[in-house]
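Here is a small set of exercises on one protein structure. Look through the structure first, then try each task before you read its solution.

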Amino acid sequence: MDETFQPITLYVDADACPVKPEIYRVAARHGVKVFVVSNAFLQVPQDPLIERVIVGSGFDAADDWIAERACRGAIVITADIPLASRCVKAGAEVIGPTGKPFSEASIGMALATRNLMEDLRAMGEVTGGPKAFSQKDRSAFLSALDVAINRLKRAGFGSSAP
């Protein structure tokens with residue numbers, strides 16, 4: 001095996017992730033290792049490529065576990081903007097569950113918007129949450145994940161499967 005070979009690894013911020021079944025299907029198709037990271041027990045498929053990681057219940061424990069491992073060749077699935085920012089800075093590909101990719105170019109605006117919305121909610125100005133997750137979001141996510149895996153393969157990263 002080539003010494004420079006590095007497998008593609010998926011890290012899933014899993015506690016509120018609505019696309020876990022899609023992640024498992026795409027990962028199996030590409031032979032990619034998946035770490036499903038959560039604060040509590042979550043059911044995951046019996047598959048050697050899928051590993052459940054239960055972190056402590058401390059604030060941001062799952063985020064910290066993922067951020068410490070994020071690097072080039074990793075894909076992080078999260079809706080958490082501060083975690084996305086940490087992972088983008090570490091060189092990982094980052095995709096939200098709606099298929100929105102985060103990049104160096106977009107993460108600053110995403111953080112600013114998140115902070116503004118948090119301030120508005122604190123002042124009672126905003127009472128609604130995010131819009132409902134749709135089939136269109138699921139489809140966009142599947143496409144974005146496939147694009148990210150194929151981009152990493154073209155960059156020389158590979159699958160975990162023999």
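## Helix pairs

**Exercise 1.** Find which residues of α2 and α3 meet, and work out how the two helices are arranged.

*Solution.* Start with the contacts (heavy atoms within 4.5 Å). Asp63, Asp64, Ile66 and Ala67 in α2 meet Leu83, Arg86 and Cys87 in α3.

A word on the model: it is predicted, so local features need pLDDT of at least 70 and side-chain atom pairs count only at pLDDT 80 or more, while totals for chains, interfaces and linings use all residues. Residues are numbered from 1 along each chain as its sequence is written, and side-chain values use heavy atoms, with hydrogens and water left out.

Helices (H or I, at least four residues) and strands (E, at least two) are DSSP runs, numbered from the N terminus. Next, take the axes, which are lines fitted to C-alpha atoms, for helices over the stretch in contact; angles run from 0 to 180 degrees between N-to-C directions. The axes of α2 and α3 (residues 81-89) are 9 Å apart, and the packing angle is about 15 degrees. That makes α2 roughly parallel to α3. For this word, angles under 35 degrees count as roughly parallel, over 145 as roughly antiparallel, 65 to 115 as roughly perpendicular and the rest as oblique.

Last, the hand: α2 and α3 make a right-handed crossing. A crossing is right-handed if the near helix is turned clockwise from the far one by less than a right angle, and left-handed if anticlockwise.

**Exercise 2.** Do the same for α1 and α5: at what angle do their axes cross?

*Solution.* The two axes come within 11 Å and cross at roughly 30 degrees. α1 and α5 are therefore roughly parallel to each other. Their crossing is right-handed. On the α1 side, the residues that meet α5 include Ile23, Val26 and His30; on the α5 side, Phe141, Leu142 and Leu145 are among those that meet α1.

## The sheet

**Exercise 3.** In what order do the six strands form the sheet?

*Solution.* The order is β3-β2-β1-β4-β5-β6, in an open sheet with mixed pairing. Two strands pair if DSSP finds at least two bridges between them. At the edges are β3 (50-54) and β6 (101-102), each pairing on one side only. Now look inside: β4 and β5 (residues 93-95) pair in the parallel sense over three bridges, and Ile75 has Glu93 in β5 as its bridge partner. Finally, α2 (residues 61-69) lies across β1, β2, β3 and β4, at about 160 degrees to β1.

## The core

**Exercise 4.** Which residues have the most contacts inside the largest nonpolar core, and which elements supply it?

*Solution.* A nonpolar core is a set of buried Ala, Val, Leu, Ile, Met, Phe, Trp, Tyr and Cys residues joined through side-chain atoms within 4.5 Å. Buried means under 20% relative accessible area, exposed over 50%, partly exposed in between (1.4 Å probe, protein chains only).

The largest core has 26 residues, and Leu10, Ile23, Ile75, Ile77 and Leu145 have the most contacts inside it. β1 (9-13), α1 (20-30), β2 (33-38), β4 (74-77) and α5 (135-154) each supply at least two of its residues. α5 gives the largest share, six residues.

Follow one residue, Ile23: leaving aside neighbours within four places in sequence, it touches Leu10, Val12, Cys17, Val34, Ile77, Phe141 and Leu145.
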